Amino acid sequence: LYPEKKYGFKPWLRNCTFFEDVNKQLWVSIRGYKLSVYDREKDKLIEFVLNIEGLNRSFSRIIQGVYYDPSGVLWITTDNGGLDRIILQGNLFHQNYIKSDHINKAENEVRGLFVDQKDRLWIGTKSNKILLNENGKVHIDPLGANFNPDGGIYSITQDKNGLFWIGTKGSGLYLVEEYNGGFRILQHFLNSEADNVSHRSE
């Protein structure tokens, strides 16, 4: 599996440890060879170097023991003494941009966020756009050309009858229903100075 000519050492198999972490990275600990990770693309072992606040730290060649905790923590003890703990959980968050080439900051400001009864993610932006994420596919402006508010989308919800209520800043409240594979606006509520019980546009 690890020929001596290719890797520059002859493994002592009864002192080898192999495991795959939560990030699907294969780790190799062999007596007389530094702790390494296997680079699948280059088909080679790469020495593991720990970087803490700009200080690179490599481990001793004599690793006494390696234990991988399934929660994503690697425990290592070497001839230097002590116990090293390494967290291998990787990135827990990932940032996505609505528009990667945006000029106006509002194009990436999300103000309305809602998951509907069909587990679709609705996203409303300050720049008056709605995006609908359905099974990983993003639909831009699912309400069509008739939905063109002057202000941002600040709130989205769905009532027990399946109707959507979309609140904007400056353009009132929209009542929307899902219809024939798409969406249509049933009513648009705007503020009226003559009606003191009307909905405020904000």
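## Exercises on a sheet, a pocket and some rings

Ile123 sits across from Leu131 of strand S12. Keep that pair in mind as you work through this predicted model.

**Exercise 1.** Work out which strands pair around Ile123 and Leu131, and in what sense.

*Solution.* Begin with the two strands: S11 covers residues 121-125 and S12 covers residues 130-134. They run antiparallel to each other and share four bridges. Next, widen the view to the open sheet, where four strands follow the order S10-S11-S12-S13 with antiparallel pairing. At the edges you find S10 (110-115) and S13, each of which pairs on one side only. From one strand to the next, the twist averages 20 degrees. As a reminder, strands in a sheet are held in pairs by hydrogen bonds of the backbone.

**Exercise 2.** Find the residues nearest the centre of the largest pocket, and the strand that gives the most to its lining.

*Solution.* First, the space: the largest pocket holds about 460 Å³. Its lining counts 18 residues, and those nearest the centre are Tyr97, Ile98, Lys99, Ile123 and Leu131. So our opening pair turns up again, with Ile123 and Leu131 both in that central group. Now turn to the strands: S10, S11, S12 and S13 each supply at least two lining residues. S11 gives the most, with three.

**Exercise 3.** Classify the ring pair Phe147 and Tyr174, then decide whether its residues are buried or exposed.

*Solution.* There are seven aromatic pairs in the model. For Phe147 and Tyr174, the ring centres are 4.7 Å apart and the planes meet at 70 degrees. An angle over 60 degrees counts as edge-to-face, and that is the class of this pair. Phe147 belongs to the loop between S13 (137-140) and S14 (153-158), while Tyr174 belongs to S16 (residues 173-179), so the pair ties together parts 27 residues apart in sequence. Both Phe147 and Tyr174 are buried.

**Exercise 4.** Do the same for Phe164 and Phe183.

*Solution.* Here the centres lie 5.9 Å apart with 75 degrees between the planes, again edge-to-face. Phe164 is in S15 (residues 164-168) and Phe183 in S17 (residues 182-189), 19 residues apart. Buried means under 20% relative accessible area. Phe164, at 0%, is therefore buried, and Phe183, at 16%, is buried too.

**Exercise 5.** Which residues form a ring cluster, and which ring has a charged end over it?

*Solution.* Ring pairs join Phe19, Trp27 and Tyr68 into a cluster. Elsewhere, look at Tyr179: the charged end of Arg184 sits over its ring, 3.7 Å from the ring centre.

Technical notes. Residues numbered from 1 in each chain as written. Predicted model: local features only at pLDDT ≥ 70, side-chain atom pairs only at ≥ 80, totals over all residues. Heavy atoms only, no water. Phe/Tyr/Trp six-rings, centres within 6.5 Å; stacked < 30°, edge-to-face > 60°. Buried < 20%, exposed > 50% of the residue type's maximum accessible area, 1.4 Å probe, protein only. Lys NZ or Arg CZ within 6 Å of the ring centre and 35° of its normal. Pairing = 2+ DSSP bridges. Axes fitted to C-alpha atoms, helices over the stretch in contact; angles between N-to-C directions. 1 Å grid on protein atoms, 1.4 Å probe; cavity = no way out; pocket = protein on both sides within 12 Å on 5 of 7 lines; lining within 4 Å. Points joined across faces, edges and corners; volume = space filled by probe spheres on them.
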